[in-house]
Structure formats: C-alpha cells, structure tokens
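Here's a stroll through one protein model, a few helices and strands at a time. Keep the viewer open as you read.

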Amino acid sequence: MRGSRLSVLTSVAVLAVVLTGQPAVAAVDPATRISGTTAVGTHNAYERGTYTYLAQALDARPGMIELDVWPDVLTRQWRVSHSNPLGNDNNCVAATSAAQLYTGTRNKNLEHCLDDIRLWLGAHPDAGPVQLKLELKTGFSARTGQGPVQLDALLAARLGDRVFRPVDLRGGYASLDAAARADAWPTRQQLAGKVLVELIPGTVEEGNPTDTLRTDVEYARHLAGLASAGTLARAQAFPAVHNAQAGDPRTRYTEVSLRPWFVVFDGDASTYVGGGIDTSWYATNHYLLVMTDAQNVPPKVGNTDPDTARARVAELAAAHASIVSADWAALPTVVGEVLPRA
C-alpha cells in the first residue's frame, strides 16, 4: 500500500491548486530524467472530433498521444481508426512539410500519421519527448506481412532518428530491466524532439479467445531474438505490460526470459490508486507507468474544469505515474503540464 508520504504529497499538491489555480510545480528541470517526471497524455488524439488535425494535438505539448492501429489483412496496410479494421477514420494528413500539417484531406494510413509527428517535431525541436502509444487493436498479423519486423521498418522509415529505441536505453546493461533499475533513462533535455513508442495489445485482441500470441509477448520475443542476433538496434518500440496488477505484473509471462524486456507498464488509473497496488514499486525501479482514464478516478473530473484536472494530475504524480492519460483535450493548459514524479 502507498504510505503516508504519498498522502502528504497529494494533499500539498491539491491544496496548491485549490489556493492558487496553478499546479504545485508548473515545470521541471530539463535535466530531470524522464523516469522522474509526470506528463499528461491525450487519449485517442487521432479522432477528428477531438482535434481537426493531429498536429493540433501536438501543439498542446502532451507527454503522450495514442493511436489505434489495425493491420488491414486485405490490403496489407496499417489503418488508424477507432473501430474500422478496413479503413481510416482519423485526423492525419499526407503532409510533406510542416506548412501542410493543418490542411488537406484527412483519414490517412499510419505512415502518414508518423510523417505528421516527424514534421511537427522538426518544426518544434524543443518539444517532447512524446510517448507514442500504439494500440494494436487486433494485434500483429505476421502472416500478411504486418508483424513486428514490418512495424519496426515503418517506424524507422517514417520517424528516423527521432525514435528513442530499446537499444538506446539498454546501452551496456544486460537487459532493459537492468538499465531501467539503474535509472539509465535520458533526461527530458536529451530527449527533446524525440519519440518513445509504446505498444499495447488491443481491445479486440484481448477479447479474442483464439488469439494465443498477443502483441506484448510477440514483440518481446522479437526483441529477444534481435538481441540474440546482435541486431537490437533494429527495434523501434517498447512493449508494455497492459492492465494494472498488484506486485510485479510481469509474472503473468510464463516465458521468464521475456520479463526483462518489459520496463513500461500501462493500466487503469482507478485500479492503480484504488487500493491493493503498491505503485511505489514502479518509481523505485524507475519503470515508466502509464495511468489511463485519469478522469474517471473518483470523483470524476470532466473536461471543463482545469483546476480540478490539474489537481488530478498532481494526485497521480504523487502516486508515481509517468504519464497521466485522460480525455482532457479541451484543457490545453493541463495537457502541457509536466510535474516531478514522486
């Protein structure tokens, strides 16, 4: 259970917001490692009802944006939409320059969304880092040429050296886990203009009883294979342990050798802070912890009250979140916040 230190930190942060209308700490030292900060993420930033263009989501300076990705097994394209596996429904455009990010036809494939992110970061070199969360709705489809190898190739081709890769974290350590526990993460300043790609299993995949190889396991095996071959530099993403669980949630993986490849964790904020989960474990080991649906932690916080939303961010920063993800696109002053992580 989280101790009295968390309660004190939360109380102080919330009180500061109530009294001043501002977060307890409006910014952090750029020399702070990303493992020591809490940023705000925008859920489903690709939806046209949320932002007209994806670049507008980035204009708010979020710590994370999320894209829902489908491997279209008929056309072998990577689609971006909430519920259409065979078509696009998003705010990405086929821009070739930063000047084109806010115009043109939308509903483009994943590669164009990645182009938009790269172009925006090129025009805002001081921004970031941005955690790019990809939910693979039905998982990979290696049989149609849409597996981890192909996703890596697409990310590398479209984002290039903007990507902070697993090999960059591991350095000379034996594993990603060893590197994370040694707090080998770069600082925010070192990651300015960079993207850290997070992969989670999709809702359709998780609800499919016939899917016996989910995104997290498949990509972790991919990482292990690349490392064994001495080609880990090809990997572009970090698989996340999805869904909150007490203790070390990596124990769910029966392939023990895969566990050290997971240093990013992602789950429901209400579950993490509702009791029974010692979230200090994540901070102690310098793991990245994404808390989702932050607006639904009781009492719920809507998208019209920036002061209360700031208090919620402070509350979850005190609960050791690295990313506080929520449906607060209408609150840009909140989306751009970065706080010290407890």
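## Ground rules and helix 4

Helices here are DSSP runs of H or I with at least four residues, numbered from the N terminus. By that count, Ala157 belongs to helix 4. One thing to keep in mind throughout: this is a predicted model.

Is Ala157 buried or exposed? Ala157 counts as exposed because its relative accessibility is 61%, and the cut-off for exposed is over 50%. Try picking out Leu114 as well: it sits 43 residues from Ala157 along the chain, and the two C-alpha atoms are 9.4 Å apart.

## Helix 3 meets helix 4

Leu114 takes us to the pairing of helix 3 (residues 110-123) with helix 4 (residues 148-159), whose axes come within 9 Å and cross at roughly 35°. The crossing is right-handed. On the helix 3 side, the contact uses Leu110, Glu111, Leu114, Asp115, Ile117 and Arg118; helix 4 brings Leu151, Leu154, Leu155, Arg158 and Leu159. Sort those residues by character and you get seven nonpolar, four charged and no polar.

The spacing of such contacts has a simple background: an α-helix has 3.6 residues a turn, so residues three or four places apart point the same way.

## Helix 3 under cover

Taken by itself, helix 3 is a well-behaved stretch of 14 residues, reaching 20 Å from first C-alpha to last, close to the 20 Å expected at 1.5 Å a residue. Helix 3 is also mostly covered, with 10 of its 14 residues buried. The buried set is Leu110, Glu111, Cys113, Leu114, Asp115, Asp116, Ile117, Leu119, Trp120 and Leu121. The cover over them includes helix 2 (54-59), strand 2 (64-72), strand 3 (77-80), strand 4 (130-136), helix 4 and strand 5 (195-201).

Ile117 is a good residue to zoom in on. Why does Ile117 count as buried? Its relative accessible area is 1%, and buried means under 20%. Leaving aside residues up to four places away in sequence, Ile117 touches Leu54, Leu58, Ile65, Leu132, Leu159 and Val195. Compare that with Leu74, also 43 residues away along the chain from Ile117: there the C-alpha atoms are separated by 26 Å.

## A hairpin and its turn

Strand 2 and strand 3 run antiparallel, joined by four bridges. One of the pairs to look at is Trp70, whose bridge partner in strand 3 is Arg79. The two strands form a hairpin with four residues between them.

Arg76 is in that turn and has a positive phi of about 60°, even though it isn't a glycine. Arg76 counts as exposed, because its relative accessibility is 54%.

## Other backbone oddities

Why bother flagging these spots? Most residues other than glycine have a negative phi, and most peptide bonds are trans. His286 is another non-glycine residue with a positive phi, near 60°, and it lies in the loop between helix 10 (280-284) and strand 8.

Then there are the cis peptide bonds. Gly128 to Pro129 is cis, with omega near 10°, and Pro129 falls in the loop between helix 3 and strand 4. Pro298 and Pro299 are also joined by a cis bond, with omega about -10°; Pro299 is in the loop between strand 8 (288-292) and helix 11 (306-318).

## Helix 8

Helix 8 (residues 215-229) has 15 residues, which should span 21 Å at 1.5 Å a residue, and its end C-alpha atoms are indeed 21 Å apart. Its buried residues are Thr215, Asp216, Val217, Glu218, Tyr219, Ala220, His222, Leu223 and Leu226. They pack against strand 4, helix 4, helix 5 (166-170), strand 5, helix 7 (203-206) and strand 6 (237-242). Just after helix 8, Gly230 takes a positive phi of about 75°.

## Strand 9 and its neighbours

Which way do the residues of strand 9 (residues 323-326) point? Ile323 and Ser325 point one way, Val324 and Ala326 the other, and all are buried.

Strand 9 pairs with strand 1 (residues 37-42) through four bridges, running parallel, and Thr42 has Ala326 as its bridge partner. Strand 8 also runs parallel to strand 9, with two bridges between them; here Val290 is partnered with Ile323.

Note on methods:
Residues numbered from 1 in each chain as written. Predicted model: local features only at pLDDT ≥ 70, side-chain atom pairs only at ≥ 80, totals over all residues. Heavy atoms only, no water. Axes fitted to C-alpha atoms, helices over the stretch in contact; angles between N-to-C directions. Left-handed = near helix turned anticlockwise from the far one by under 90°. Contact = heavy atoms within 4.5 Å. Nonpolar A, V, L, I, M, F, W, Y, C, P; charged D, E, K, R; others polar. Expected span 1.5 Å × (residues − 1). Buried < 20%, exposed > 50% of the residue type's maximum accessible area, 1.4 Å probe, protein only. Pairing = 2+ DSSP bridges.
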